[in-house]
Amino acid sequence: MTVSDDAIPALAVQGDLFDAVESAVDEGFTTAERIELDGTSWIEHVHGWLSGSQQVFDDVLAAAGWEHRSRWMYSQKVIEPRLTAEYPDVDDAPLPMLRTVAATLGSHYGASYRSLWINLYRTHRDSTSWHGDTVGKTQETSIVPVLSLGATRRFLIKPAEGGRSTSLTVVSGDLVVMGGRAQRDWRHSVPKQSTPAGPRISVNFAPEPTP
Ligand SMILES: O=C(O)CCC(=O)C(=O)O
Ligand SMILES: [Fe+2]
């Protein structure tokens, strides 16, 4: 189901024209903090990677083609607790700057990012449950970057076979990157929370298979 534009404005955070800041990424990834999850998987938290992220949030919120997806789980149709916009080709992404972002990520992580999907968590009640990204089905190892915009939320990752989860508190402009076997051996999620939060957008980049 495509969400009509009428459904979105209530979420828009009032942008002040005079506060408009140029957005820019840190090409040196100087604030990257890497956590080795195990011998073959890692997660990296790049704090404040994108500056001027509020402007990017506003622009993506307004321009993306949001869909409210549902899928069959056993015999029940379940509506996902978030909105999504998918762009199999970054050239069709709602903002040209996302192409620059994809290219910068590609050269830093030695991968090629063409395809992306964007999530909108309308409130603290929206979420993404435990999963590994589909790239894990076809690629033994992969590097999946996720750019956060808007409200602060928790990003969790735990071993696929169960165990303690590692929690990252992710603020607007932060980048979270999962690498190695993280999509096969680990599961990640953005849980619902009881503390009220405004809307958050995550931009997820899928790596092309390496030839
Ligand atoms: O929103 C996030 O930070 C992660 C979303 C995610 O893992 C996904 O859509 O596959
Ligand atoms: Fe994911």
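Biologist: In this predicted model, which strands does helix α2 lie across, and at about what angle does the helix run to β8?
Modeller: Helix α2 spans residues 97-109 and lies across β8, β10 and β15. With the angle taken between N-to-C directions on a scale from 0 to 180 degrees, helix α2 runs to β8 at about 120°.

Biologist: What is the angle between helix α1 and β10?
Modeller: Helix α1, residues 53-63, lies across β8 (113-121), β10 (144-150) and β15 (200-207). Its direction relative to β10 is about 95°.

Biologist: Which strands are the edges of the open sheet of seven strands?
Modeller: The sheet is antiparallel in its pairing and follows the order β2-β3-β13-β10-β15-β8-β7, with a twist that averages 15° from one strand to the next. An edge strand here pairs on one side only, and that description applies to β2 (32-36) and β7 (83-87).

Biologist: Which residue of β3 is the bridge partner of glutamate 33?
Modeller: Strand β3, residues 41-46, pairs with β2 in the antiparallel sense over five bridges. In β3, the partner of glutamate 33 is histidine 45.

Biologist: Which strand gives the largest nonpolar core its largest share of residues?
Modeller: That core has 46 residues, and Val60, Ala102, Leu116, Val144, Val177 and Ile201 have the most contacts inside it. The largest share amounts to five residues, and these come from β8.

Biologist: Which residues does valine 177 contact, once its neighbours within four places in sequence are left aside?
Modeller: Valine 177 is among the residues with the most contacts inside the largest nonpolar core. Counting C-beta atoms within 7 Å as a contact, and leaving aside those sequence neighbours, the partners of valine 177 are Ile43, Glu44, Val46, Ile143, Val144 and Pro145.

Technical notes:
Residues numbered from 1 in each chain as written. Chains lettered and ligands numbered in written order. Predicted model: local features only at pLDDT ≥ 70, side-chain atom pairs only at ≥ 80, totals over all residues. Pairing = 2+ DSSP bridges. Helix = DSSP H or I, 4+ residues; strand = E, 2+ residues; numbered from the N terminus. Contact = placed C-beta atoms within 7 Å. Core = buried A, V, L, I, M, F, W, Y, C linked by C-beta atoms within 7 Å. Buried ≥ 20, exposed ≤ 12 C-beta atoms within 10 Å, placed from the backbone.
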